[in-house]
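Biologist: Could you take me through the disulfides of this chain, one cysteine at a time? I am new to this, so please explain the terms as you go.

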Amino acid sequence: MSASARYHDYPQTDQFSDHEPLPRPAHFEDPLENFPAPSQAGIDSQSNLLRAQSAQSDLPSTKYVDGNTDEDFNYYSNRSTKPLEETPDASLVHNAADVGRSGSYQDLEYADPYDATRAKPVAEKPSMLATFLSGGKYPLAQRIEDKKRGIGRQRFPVVVWILTAVMCGVFINELVVNSRAQGTPVSFKPVVNPMLGPSSSALINLGARFPPCMKLVTDVPVSTLLPCLNNTANPPDRQCSLEEVCGFGGFHGKEPNQWFRFIVPIFLHAGFIHILLNMFAQLSLSAQIEREMGSGGFLITYFAAGIFGNVLGGNFSLVGIPSIGASGAIFGTVAVTWVDLFAHWKYQYRPVRKLIFMTIELLIGIAIGYIPYIDNFAHLGGFFMGLLVGTTFYPVISETKRHRLIMWCFRLAAMPLAIILFVVLTRNFYTSDPYAACAGCRYLSCFPTASNNHCKGTGM
């Protein structure tokens with residue numbers, strides 16, 4: 001086709017029939033003007049050459065139809081082709097899905113061969129200890145941002161939910177036991193329980209921390225008679241032996257040694273007011289601590305604080321007053337918030353103001369410890385143990401080597417001190433007279449009145 005034909009031999013329509021064809025610019029040079037048109041012989045020769053190459057190759061061919069000529073081009077390797085359906089009702093999607101399909105990405109002609117030396121090794125998942133020592137796997141800036149937003153290691157406080165459910169179930173059982181004994185879930189006779197719960201005898205029978213059930217107490221021997229669970233008179237007209245009130249199968253003819261009363265009181269509560277206050281604190285404050293620490297560290301801190309609070313209370317509280325509640329364990333989680341405050345002072349929003357409010361909350365909690373059936377030593381002991389264990393397990397963010405060194409010094413000192421305190425105070429509870437070591441310590445959990453003989457004696 002000549003240049004003249006390309007620019008002048010176009011079909012004429014009625015719209016342009018009265019006009020002359022546009023002239024070609026004089027400076028225009030057509031690059032195809034001197035290009036020779038392909039001959040039919042050349043086209044046939046090229047087709048024959050492609051067929052010959054396809055026959056020599058082991059690549060199956062893909063057929064393209066051009067007029068009356070079938071041409072085969074070998075573009076795909078090692079695959080079986082499925083004939084297309086040419087019926088009028090054949091599915092276009094079905095036919096199109098099989099065109100160009102390959103069984104593996106390596107069938108494509110541009111795929112690189114596998115080179116084992118270039119393969120990147122897959123990093124092994126670090127152990128829990130490595131993750132703890134490194135302070136987390138994600139970047140430091142992200143940890144700081146999550147800390148400011150209150151995002152911790154996990155989303156749901158599973159342990160807190162389980163503990164709360166168990167404690168509510170145990171409290172229902174307390175009400176059932178008192179109802180069977182006295183006829184009402186709440187004890188109103190011989191005295192009213194200020195926490196609106198079971199009688200003191202029922203609480204002792206259910207597992208309250210009561211030293212005469214745990215060891216030989218000189219002022220409360222095994223022969224002591226106590227009000228029975230069903231007693232409603234004052235003075236009591238129904239009395240039972242110490243072994244019968246302590247329950248759990250008695251002493252089996254031996255000395256009292258119900259050591260589990262260091263643990264069981266964590267799950268018991270003195271009444272509706274007591275459990276509502278504790279569960280509110282547990283589902284709010286303790287739940288947030290579990291999210292930040294993780295369930296493992298939280299569980300260790302919670303029970304270490306709760307048990308140590310009962311050990312400290314067993315040493316210095318009045319031996320004739322039962323004590324129960326999860327307050328010591330909850331105070332242990334309160335102590336973790338103090339660790340968080342001082343370790344992350346510059347990340348806190350208004351840290352001085354937060355410190356003032358936390359101090360007020362701590363003082364209120366200590367004041368509540370003077371209410372009957374609640375032991376301040378459990379609060380103070382749980383708080384102190386929470387500081388030690390929380391320092392060890394709380395994930396502290398350290399931007400500098402100096403801060404990291406200080407935290408590790410605290411951790412290395414905290415755990416041995418916690419173990420020593422457990423051993424010394426437990427041994428002191430069973431082998432010596434705690435009052436001889438600290439005669440005035442009883443006033444930390446007892447407000448002197450005429451009814452308790454000014455915090456002297458047994459308190460019974």
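Modeller: Here is a close look at the disulfides. This is a predicted model, where local features need pLDDT of at least 70, side-chain atom pairs count only at pLDDT 80 or more, and totals for chains, interfaces and linings use all residues. Residues are numbered from 1 along each chain as its sequence is written, and side-chain values use heavy atoms, with hydrogens and water left out.

A disulfide is a covalent bond between the sulfur atoms of two cysteines; here it is a pair of cysteine sulfur atoms within 2.5 Å. The structure holds 2 of them.

Let's start with C213 and C246, whose sulfur atoms are 1.8 Å apart. C213 sits in the loop between α7 (200-206) and β3 (225-227), while C246 belongs to helix α8 (residues 242-246), so this pair ties together parts 33 residues apart in sequence. Helices (H or I, at least four residues) and strands (E, at least two) are DSSP runs, numbered from the N terminus. The torsion about the S-S bond of C213 and C246 is about -75 degrees, so this disulfide is left-handed. C213 has 0% relative accessibility and counts as buried; C246 is likewise buried, at 0%. Buried means under 20% relative accessible area, exposed over 50%, and partly exposed in between (1.4 Å probe, protein chains only).

Now for C228 and C240, with sulfur atoms 1.8 Å apart. C228 lies in the loop between β3 and β4 (239-241) and C240 in strand β4, 12 residues apart. The link of C228 and C240 is right-handed, with 110 degrees about the S-S bond. Both C228 and C240 are buried.
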